Every structure is written in structure tokens, then in C-alpha cells.
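This report describes the overall make-up of a chain and then turns to the packing of one pair of its elements.

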Amino acid sequence: MTLAETLHLHTATVPARDELADLVQRAVDGDREAFDKVMIETQKRVMSVAWRMLGDEADARDAAQETFLRVYKYLGRFDVTKDFNAWLYGITINACRDLASKRKYHEPIEYEDEIYTNGSDAEQASLQSQQREMIARALRGLPEKERAAVVLRDIEGMSTDEVAKVLKSTPTTVRSQISTARRKIKLYCDRHAGRYQTGGTR
């Protein structure tokens with residue numbers, strides 16, 4: 001099972017590239033309604049990235065709000081021939097970085113299952129929930145660049161080249177960061193699996 005499948009983090013489908021490009025073009029031209037639609041269509045992905053980067057829902061909402069304030073402010077400078085999603089993710093990562101630098105402490109990430117089951121199904125759901133929480137904690141412990149790389153690549157489903165553009169890095173560096181991040185996540189999960197399964201102290 002992949003990291004994204006384990007965390008159940010794939011967000012709602014965004015509009016087709018041509019449709020989004022049209023909305024962005026209209027927004028760049030000053031159409032406020034088009035900008036609002038761009039924000040509505042992309043806010044779940046922005047929130048997803050912010051939550052995984054910061055590990056706290058309230059902080060993620062603040063980062064998402066700051067992201068769209070920056071998008072609105074700098075949209076006139078955006079080159080419509082470029083990838084808007086990559087530009088948006090870059091702003092999101094920067095907003096998260098700026099907010100994290102001001103934050104002294106945050107609570108660990110916790111995930112709640114939305115499906116209530118009984119018997120063996122409930123036991124399986126509990127194990128899956130524990131695994132998601134464990135991976136989320138492992139993500140939280142990664143250095144910022146590794147966390148950003150693995151979130152964009154493994155959870156948001158971007159290509160290595162796309163991630164490199166967002167992070168203003170090289171594909172080689174990104175591949176190395178992702179490989180290291182995956183190894184650290186696996187090591188963390190291997191070390192803590194027994195603790196979670198037995199209900200021990202975290």
C-alpha cells in the first residue's frame with residue numbers, strides 16, 4: 001500500500017487542465033468571479049498540502065488563507081503559459097514555511113475515521129487508523145524539504161520533475177529527498193508498530 005493510499009489523502013478531483021487554465025486566464029484579466037472559482041476548485045488541495053506540512057488543522061487553515069491572499073496579490077505576475085498548479089503549490093509551501101517559522105509548538109496530527117463499523121471491520125478500521133496516525137507522525141518528524149518532497153510526490157501525485165519545479169530544485173535532489181523520506185517513514189513505522197498495536201504509550 002502506498003503512502004497516499006494509507007493516509008487516504010487524495011483530494012477531490014480538480015478541474016481539467018484546459019478548464020482551470022481558462023479560469024486562471026480570466027482571473028489574471030481581472031475577473032473576480034473567475035478568481036473565486038479558481039480558489040474554490042483548488043482550496044482542498046492547498047489545505048491538504050498545508051495540513052501535511054504543518055501537522056495542525058488550525059495552522060493549515062491559516063496557511064491556506066495566506067496562500068490565497070498571496071495568489072490574489074501576485075496573480076497579475078503569473079505567466080499563463082506556465083503550470084498554475086505548480087505555481088500554487090510553491091506559494092503554499094512558502095506560506096507553510098513562513099508560518100512554521102513563527103510557531104513554537106503544535107499538537108501531533110490525529111486522524112478520525114468517518115466510517116463507524118462493528119466486529120472485525122471495526123478492528124480493521126482501528127488498525128488502519130493507527131497506521132495513518134503513525135505515518136502522519138513520521139511525516140511530522142521529517143526535515144521540511146524532505147516532507148515537502150514526499151507530500152507533493154507521494155500524496156499529491158506530482159511527478160518528480162514537477163516537484164523539482166515547485167521546490168526550485170533538481171529532479172536528482174528531489175529523488176534523493178523522497179528516497180530518504182520514505183526510508184525514514186518506514187523506519188519510524190517499523191519501530192513504533194508494536195507500540196501502537198498494543199496500545200502503549202506514544
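Accessible areas are obtained here by the Shrake-Rupley method with a 1.4 Å probe. On that basis the accessible surface of the chain, in what is a predicted model, comes to about 11,800 Å², and carbon and sulfur atoms contribute 47% of that surface. Of the 202 residues in the chain, 42% are buried. The chain contains 9 helices and 0 strands, and its elements, read from the N terminus, follow the order α-α-α-α-α-α-α-α-α. Among contacts in the chain with a separation of 6 or more, 67% are made by residues 24 or more positions apart.

One packed pair is formed by helix 4 and helix 5, whose axes lie 9 Å apart and make an angle of about 130°. Angles that are neither under 35 degrees, nor over 145, nor from 65 to 115 count as oblique, and helix 4 and helix 5 are therefore oblique to each other. The crossing in which helix 4 passes helix 5 is right-handed.

The residues through which the two helices meet are set out below.

| Helix | Residues in the contact |
|---|---|
| Helix 4 | Asp59, Asp62, Ala63, Glu66, Thr67, Phe68, Arg70, Val71, Tyr74 |
| Helix 5 | Phe84, Trp87, Leu88, Ile91, Thr92, Asn94, Ala95, Cys96, Asp98, Leu99 |

By class, the residues in this contact of helix 4 with helix 5 comprise 11 nonpolar, 3 polar and 5 charged. Among the charged residues that helix 4 brings to the contact are Asp59, Asp62, Glu66 and Arg70, while Asp98 is a charged residue on the helix 5 side.

Technical notes:
Residues numbered from 1 in each chain as written. Predicted model: local features only at pLDDT ≥ 70, side-chain atom pairs only at ≥ 80, totals over all residues. Heavy atoms only, no water. Axes fitted to C-alpha atoms, helices over the stretch in contact; angles between N-to-C directions. Helix = DSSP H or I, 4+ residues; strand = E, 2+ residues; numbered from the N terminus. Left-handed = near helix turned anticlockwise from the far one by under 90°. Contact = heavy atoms within 4.5 Å. Buried < 20%, exposed > 50% of the residue type's maximum accessible area, 1.4 Å probe, protein only.
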